[in-house]
Amino acid sequence: MIRTVSLWIRINGKFSQPLYKDDKQTRLKPQDGEYYLRCAGKWYPVGNDPLLALDAKAAKEKLLRAVERGTVAESEALPHLNPPTEETRLTVESAINTYMTTGKAAQKDWRKHTRQCYTLALKLFTESCQKTYVDEIDGDDLRVFKVFLRKQKTSIGKYIDPRTVYNHFLNTVSFLNTYKLRDLISQNEWPTYEEKKVVAYDPEVLAHLLQFADVDETDVLEFFLGVNFRNGEGAHVEWPDINLRTKEVKVYSKRERYDWQVKDSEQRNIGINDKLAERLAARHLRHPGNGLVFPNSHGNPDTHLLRIIKNVALRAGLNCGQCVGTHQRKRMSCAEAPVCRKWILHTMRKTWASFQDRIHTDFATIQTELGHSSPATTRKYLAAQDHNSPRRRQQINAAAALLDTLKVE
Ligand SMILES: [Zn+2]
């Protein structure tokens, strides 16, 4: 293939043939613009100096002739024939910027939490990988990143957990995929984590817990147990969202007022049981108005509803006594402070699912009401309780009985 090189000048964004002083085109007339070479359908900027522009054209023509004569291999010449210019090369910094502003974040309309997760993951990646251009990134950068992530510590000096390592890694890979950097390392080199078992509370334990809650605390606990809300959903529920006549509560994003969005953009309506409806009616009399159902003392969404369950659990003597947490800026045992990891509002949601499963509510209803976009997530919620089901208990005992029948009395 015969390639030719031509010289162009770009003035005010328009390309044109430059003006020469002589017919043989050896000297250029001074013009105010940027010179470009055009070769094989591509533009290469060569600066605004007429002499250097002519030199660049001559050098490229020389290289082309060498390729034609076969004295330089085409493969060797290609990088020089098609040099990635600064203009077309994408820096990691600007790729991240685009991704987080007009790119995927905007197209998918990520909620605040998702944005924060990606921002952190990509910040860690740029600390681990110091490369300037996206096209320089390779599998080794991800291998180094994996090790780098494992060395990261939390604010209290503990290593971040393997699940977090995995999440940062996953978010970074999904960023790289957008820039066509795919399969840089094989799946078996990815960081791994042990999937945490979804646990639910036993009804007996919950009944005991509720005996130690005052009326406002009981409202919170019964609400989360009754309507399977995520923490954020409970924190942002307002009185007009609750219909005490049809006994329903609706969940939807509240961006203008609270800059808050529902996970997976799943709006949903949940039925309220009769007892909870009465309880909410009584609460509304004590706390009238159209505002938040569970505000904090400043009337804002209470993101510390979690503390309520932890306080009640401590009073009820239901802490495990084994774990340590931060309370009033001090590291304390859960035997004496409301820090037990066993007590989490989110587990009320899982308990809701396990109760529904016990009474044989159909799977699709449970999935819809939990607002899960994938059945796999719902299955994980329900699998946790399987060994407690009467059917499974019977199987466990029947299996043990196989041996008993053979034992000599
Ligand atoms: Zn504990």
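These legends describe close-up views of a predicted model.

**Figure 1. The whole chain, with 17 helices and nine strands.** The protein has 409 residues. Its C-alpha atoms fill a box of roughly 105 × 70 × 45 Å along the principal axes. The radius of gyration is 32 Å, whereas a compact globule of 409 residues would have one near 22 Å. Buried residues make up 23% of the protein. Now take contacts between residues at least 6 apart in sequence: 56% of them join residues at least 24 apart.

**Figure 2. The largest nonpolar core, with 39 residues.** Which residues touch the most other members? They are Val220, Phe224, Ile309 and Ala313. Several helices give two or more residues to this core, including helix 9 (215–227), helix 12 (274–286) and helix 13 (305–315). Helix 14 (345–358), helix 15 (363–370) and helix 16 (375–383) do so too. Strand 6 (248–251) is also on the list. In soluble globular proteins, nonpolar side chains tend to be buried together.

**Figure 3. Valine 220 and its contacts.** Val220 belongs to the largest nonpolar core. Which residues does valine 220 contact, leaving aside neighbours within four places in sequence? They are Phe294, Leu305 and Ile308.

**Figure 4. A second, separate core of 15 residues.** Among its members are Ala121, Leu122, Phe125 and Leu176.

**Figure 5. An open sheet of three strands.** The strand order is 5-6-7, and the pairing is antiparallel. Strand 5 (242–243) and strand 7 (268–271) are the edge strands. Each of these pairs on one side only. Four bridges link strand 6 and strand 7. Look for lysine 250: its bridge partner in strand 7 is asparagine 269. Strand 6 also gives two or more residues to the largest nonpolar core. Strands of a sheet pair through backbone hydrogen bonds, either parallel or antiparallel.

**Figure 6. Strand 1 beside strand 3.** Strand 1 covers residues 5–11, and strand 3 covers residues 34–39. The two run antiparallel and are joined by six bridges. Where does valine 5 stand? Valine 5 lies opposite cysteine 39 in strand 3.

**Figure 7. The hairpin of strand 3 and strand 4.** Strand 4 covers residues 42–45 and runs antiparallel to strand 3. Four bridges join this pair. Arginine 38 has tryptophan 43, in strand 4, as its bridge partner. How many residues sit between the strands of the hairpin? There are two. In this hairpin, alanine 40 takes a positive phi near 50 degrees.

Key: Residues numbered from 1 in each chain as written. Predicted model: local features only at pLDDT ≥ 70, side-chain atom pairs only at ≥ 80, totals over all residues. Core = buried A, V, L, I, M, F, W, Y, C linked by C-beta atoms within 7 Å. Buried ≥ 20, exposed ≤ 12 C-beta atoms within 10 Å, placed from the backbone. Contact = placed C-beta atoms within 7 Å. Rg over C-alpha atoms; globule rule 2.2 N^0.38 Å. Pairing = 2+ DSSP bridges.
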